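Reader: I am new to this structure. Would you explain the reasoning behind the terms used to describe it?

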Amino acid sequence: MSSQSQGKLLRDAISSNNPLKVLGTINAYTALLAEKEGHEAIYLSGGGVAASSLGVPDLGISSLQDVLIDVERITNATAVPLLVDADTGWGGAFNIARTVKSLINYGAAGMHIEDQVSQKRCGHRPNKEIVSSTEMIDRIKAAVDAKTDEDFVVMARTDALANEGLDGVIERALAYEEAGADALFPEAFFELDQYKELKKNINIPILANITEFGKTPLFGCNELSGVGVDMVLYPLSAFRAMSKAAENVYREIKASDSQESVLKNMQTRDELYDVLDYHSFENKLDELFKE
């Protein structure tokens with residue numbers, strides 16, 4: 001993990017990219033893979049923690065501690081700034097303050113906190129319930145006030161489109177910006193013009209969540225940049241691909257005499273060692289314990 005402010009690294013990446021691609025990494029190894037490909041920002045999804053680390057649905061089941069375990073592992077493995085899904089903050093003002101301080105201590109660069117009720121749902125599922133704008137403003141203020149690194153990014157996510165329409169989203173966005181949010185995450189937009197209209201009204205960066213199989217079409221970065229989007233998030237793209245690949249391998253081993261037919265889809269041992277810088281570790285051992 002870099003000693004430089006991770007929040008500053010994330011802010012610099014946002015300002016120097018148009019837009020910044022933010023890659024979902026569910027564990028330390030996928031973070032290394034993203035870093036190896038030259039990505040400048042990574043992301044830990046709450047749904048990813050629930051599914052990959054706990055094997056449960058994204059329904060507000062996971063805790064702050066569950067998330068911190070994965071945050072620490074990722075930030076220990078890479079210096080790429082990490083944005084973290086903090087759901088609704090795991091409680092009231094004091095809990096939110098603890099969340100912010102803990103995430104900073106564990107090396108995160110920023111977090112997003114949302115305006116759903118505490119028994120939240122995936123942002124692309126029906127029947128979401130949201131709290132009042134006043135309650136969300138209190139969440140944002142508690143988060144901002146708790147910063148021990150002024151550059152740590154507190155991003156406000158709003159799920160209001162489904163319940164209150166675009167006018168409601170814009171009204172909330174203005175209030176969230178005034179409360180101190182550093183960026184805005186409008187969830188489940190389905191038209192480019194919605195981003196464009198939102199951008200006209202606020203002065204903080206906007207993130208577009210381009211998750212697969214959800215309500216938002218797979219807009220390209222050029223068209224998103226053209227309507228004012230500053231960050232494009234791919235929260236679980238690699239996880240979905242990894243999961244499908246694992247299914248296929250397990251199915252083949254169950255049905256066949258060996259795994260030879262799926263070798264072509266596997267990362268080789270040498271490729272793994274290259275990502276992990278394995279040989280430098282091994283050489284260090286040889287130097288330390290040579291006779």
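Author: This is a predicted model. A suitable place to begin is Tyr195, which, leaving aside its neighbours within four places in sequence, is in contact with Pro186, Phe189, Ile206, Leu207, Ala208, Asn209, Ile210, Thr216, Phe219, Leu224, Val227 and Val229.

Reader: What makes these residues contacts of Tyr195?

Author: Contact means heavy atoms within 4.5 Å, and Phe219 and Leu224 are among the residues that are in contact with Tyr195. Tyr195 is also one of the residues with the most contacts inside the largest nonpolar core, which has 61 residues. Helix α7 (residues 161-178) supplies the largest share of this core, six residues. Another core, of 16 residues, lies apart from it and includes Ile14, Val153, Leu207 and Met231.

Reader: Which residues of helix α1 are called buried, and why are they said to line one face of the helix?

Author: Buried means under 20% relative accessible area, and in helix α1 (residues 6-16) this term applies to Gln6, Gly7, Leu10, Ala13 and Ile14. Seen down the axis of α1, the buried residues fall within an arc of 125°, so they line one face. On the other side of α1, Ser15 and Ser16 are exposed, a term that requires over 50%. The cover over the buried residues of α1 includes β1 (20-24), β4 (110-114), β5 (153-158) and β8 (231-234).

Reader: What makes the approach of Ser5 to Gly7 at the start of α1 a polar contact?

Author: The cut-off for a pair of N or O atoms is 3.5 Å. A side-chain oxygen of Ser5 reaches to within 3.4 Å of the backbone nitrogen of Gly7, and the pair therefore falls within that cut-off.

Key:
Residues numbered from 1 in each chain as written. Predicted model: local features only at pLDDT ≥ 70, side-chain atom pairs only at ≥ 80, totals over all residues. Heavy atoms only, no water. Buried < 20%, exposed > 50% of the residue type's maximum accessible area, 1.4 Å probe, protein only. Helix = DSSP H or I, 4+ residues; strand = E, 2+ residues; numbered from the N terminus. Arc of directions from axis to C-beta. Polar contact = N/O pair within 3.5 Å; in protein donor to acceptor, adjacent residues only side chain to side chain. Core = buried A, V, L, I, M, F, W, Y, C linked by side-chain atoms within 4.5 Å.
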